[in-house]
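Visitor: I would like to take a close look at a single part of this model and then follow the guide from there to other places. Please go slowly, as I am new to reading structures.

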Amino acid sequence: RLCELLDNAGRGWRKLAELAGAEKRFKCSAEELEMCSLKVLEPRGSPTQCLLQLLAERDCTLRYLLGCLERMGHEQACRVLSSAVQDVIRIMVQPESQVVAEGTQVSLTCCATGPPGLAYQWFCGRQEVPGATSPELVIDTTTPAGHPEWYICRVNCGATFTFSRWAHVQVEKSSSPSSGSGYCPTMAGLQILRQPRPCCLAEGDTLALECRAIGNPPPQYQWFRNRHPVEGAQAPQLQVKLVTTAERGSYSCRVFNLFHEVWSQEVDVEIGEGPRQISVTPYLLCSQTGVSYSVTTPPSPILAATDKVALLIGNMHYLHHKQLQAPIVDVHALGALLHQLDFKVVSLLDLRKAEMQMAVDEFLLLLDKGVYAGLLYYAGHGYENFGNSFMVPIDAPSAYTSEHCLCVQRVLREMQQRHTGLNIFLLDMCRKRNLNDDVIPQVGALEVTANIVFGYATCADAEAYELSQGELSNGIFVTFLKRWLLEDEKITVLLDKVAEDMGTLEITRGRQALELRSNLSERRALTDPIRPPGQDESSARNLQWAKAHVLPESRYLCFDCGVTVQLGFAAEFSNIMIIYTRVVAAPKDITKCEARLTDIPEELDVDLKCTNKESPEELGSPLVPVWSPGCPSCCLYSRICGLQKLRQELAFTVCLHYRYQGMDDFVEERQQVNVGRPLIAKLNLQ
């Protein structure tokens with residue numbers, strides 16, 4: 001109907017385009033207007049419909065469109081559209097559930113837009129909270145800790161009303177008087193208030209462990225026994241009735257939310273007669289003189305690592321070669337499993353040659369005598385010549401040679417010089433011969449050690465494949481590897497089981513088969529415990545690793561107009577960060593506002609199509625389902641890639657667009673933000 005009314009040269013679609021363009025994001029270029037105009041040449045073409053489509057793609061609202069038609073003075077078009085535009089109340093910022101320490105103050109916020117004169121009223125359960133008639137409710141938690149209180153806010157204008165969603169506030173009592181002091185859950189990440197305690201039980205008793213934490217978003221829990229997750233144990237309290245000696249072991253709790261992760265202390269649970277004793281069996285040894293000596297069989301040594309570290313590299317977006325899909329999913333899946341095995345994990349995507357070399361150099365700094373170094377996993381293009389394997393960086397030219405790539409055997413030699421306890425290479429790449437490269441690299445002699453394991457995703461002179469599963473793609477290798485990775489098996493036995501499983505896949509039979517090369521003499525497993533050396537020896541490694549995993553602190557920006565914007569951060573990989581902006585408070589006379597990121601440094605891999613999106617799904621990352629549950633509502637999300645390319649601190653602009661009640665034009669305010677060097681950027685791989 002609008003097309004019929006506006007497809008003319010007078011007060012028609014061109015006038016509408018002119019008025020709508022008063023707001024920058026709705027302004028159409030000359031090429032776009034010409035495209036609309038040419039629609040008259042099509043049998044059922046409509047310039048108005050084309051214009052409306054352009055406005056819709058830029059998130060133009062019906063209310064804004066109606067305002068433009070009113071300024072045109074087109075009463076007939078206004079009547080057609082006005083029936084679709086009503087003064088409805090919309091909740092823009094919902095109150096968030098929180099877990100807080102006793103004695104602190106917590107704030108709940110509910111912001112709404114709608115007709116003038118909106119009124120707020122907060123409720124605790126079914127009871128009105130006296131005097132709580134503003135968008136923000138401040139709760140004093142000095143009352144005794146106990147069951148969570150549920151809060152909801154009613155927003156009304158006359159007889160029209162709507163309710164926010166429920167938010168519950170759980171007040172936790174700290175196990176130490178100072179644990180909660182100075183802690184603000186809206187600014188910090190997670191804090192454990194109550195640690196589990198060791199216990200000694202008899203068979204048939206009830207095991208009860210408790211870990212309590214506070215944070216925003218509220219913390220989630222996962223209990224572990226002997227560093228393996230306990231199925232179904234996802235509450236602050238772990239209770240097992242009628243225990244047996246099978247429940248004996250070391251217990252810990254992983255506490256996490258969308259942005260942070262902390263671990264409780266590890267406690268021992270003894271059941272029955274306590275730890276089992278290693279038996280020592282005597283046997284006789286006869287000398288040449290005929291005298292017999294009684295000798296005891298020494299117990300088998302318990303293998304342990306001084307630390308466990310892993311470097312995971314996935315190359316996908318090649319500049320001169322076929323793009324890959326699986327590395328992002330494979331690196332993330334492998335990293336999550338290795339975290340459960342207490343590995344220090346650095347995971348990186350899309351590295352150029354210099355960046356790959358620097359990443360390996362930093363990885364070597366984490367290694368020391370006894371460290372389980374090797375989990376070096378690589379997914380991407382690769383080749384094998386003269387027995388040497390080469391990892392291809394994303395900037396390799398079309399006719400690349402060993403000069404443009406990283407030699408795996410050279411990395412192994414450098415790892416051996418660090419006297420590591422176990423070197424594992426998992427190479428998820430093709431091993432075809434590179435006909436452009438006839439140079440035999442001089443790697444140097446490798447040491448004779450019995451601690452090397454190579455797991456190749458495919459055989460020599462063969463290709464490795466990806467497996468498409470809907471929108472996600474997995475490499476064949478990791479699809480089967482992740483089924484076995486947490487098993488307490490010697491690493492070579494574990495990879496044998498992966499090879500057997502891969503052999504059952506019909507589509508790759510005869511084309512891809514795992515190849516295992518190893519000289520491992522001891523029963524080394526990824527599940528072996530960590531027995532750290534002295535504090536001075538391990539602190540440098542821990543600091544080096546921690547540098548690559550520090551996110552900027554969440555912060556609040558206050559603008560001159562009275563609007564407060566929250567700036568939050570999440571990590572997808574060590575070199576990929578999610579930034580979100582959320583308007584948490586605004587004056588009543590501002591009816592609409594949003595905060596967008598601009599002026600992001602050019603050296604970063606930032607796709608403008610993946611910035612300032614209203615939902616995580618619009619970012620285009622296949623990992624959104626992993627981290628998006630529990631995301632704050634009413635945010636704009638941006639995905640920042642390639643943090644290893646930062647040459648200086650990360651600085652950008654937060655641009656606030658807002659409109660006052662009764663005004664049609666938007667106002668703009670800007671604030672410069674500097675968040676330092678986040679994640680892998682701290683290592684200065686440039």
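Visitor: In which sense do strand β27 (residues 388-391) and β28 pair, and over how many bridges?

Guide: Please keep in mind that this is a predicted model. Strand β27, residues 388-391, pairs with β28 in the antiparallel sense, and two bridges join them. Within this pairing, methionine 391 stands opposite leucine 406, which belongs to β28. The two strands are part of an open sheet of three strands, whose order is β26-β27-β28 and whose pairing is antiparallel. At the edges stand β26 (382-385) and β28 (406-407), each with a single partner strand, so one side of each has no neighbour in the sheet. As background, the strands of a sheet pair through backbone hydrogen bonds, in either a parallel or an antiparallel way.

From the sheet we can turn to a helix. In α4, which covers residues 47-57, the buried residues are Pro47, Thr48, Cys50, Leu51, Leu54 and Leu55. If you look down the axis of α4, these buried residues fall within an arc of 165°, so they line one face of the helix. Among the elements that cover the buried residues of α4 are the helices α1 (2-6), α2 (13-20), α3 (30-37) and α5 (62-72). After α4 comes aspartate 59, which has a positive phi, near 65°.

Aspartate 59 also leads us to the empty spaces inside the model, since Asp59 is one of the residues that line the second largest cavity. The other residues of that lining include Glu23, Arg25, Tyr64 and Arg659, and the cavity has a volume of about 40 Å³. Sorted by class, the lining of the second largest cavity holds five charged residues, three nonpolar ones and one polar one.

A search of the whole structure finds three cavities of 30 Å³ or more, and the largest of them has a volume of about 90 Å³. Its lining is made of 13 residues, and those that lie nearest the centre of the largest cavity are Val346, Glu362, Phe363, Leu366 and Leu683. At least two residues of this lining come from each of β24 (344-349), α8 (353-365) and α12 (535-547), and α8 gives the most, with three residues. By class, the lining of the largest cavity has eleven nonpolar residues, one polar residue and one charged residue.

Definitions and conventions. Residues numbered from 1 in each chain as written. Predicted model: local features only at pLDDT ≥ 70, side-chain atom pairs only at ≥ 80, totals over all residues. Heavy atoms only, no water. Buried < 20%, exposed > 50% of the residue type's maximum accessible area, 1.4 Å probe, protein only. Helix = DSSP H or I, 4+ residues; strand = E, 2+ residues; numbered from the N terminus. Arc of directions from axis to C-beta. Contact = heavy atoms within 4.5 Å. Pairing = 2+ DSSP bridges. 1 Å grid on protein atoms, 1.4 Å probe; cavity = no way out; pocket = protein on both sides within 12 Å on 5 of 7 lines; lining within 4 Å. Points joined across faces, edges and corners; volume = space filled by probe spheres on them. Nonpolar A, V, L, I, M, F, W, Y, C, P; charged D, E, K, R; others polar.
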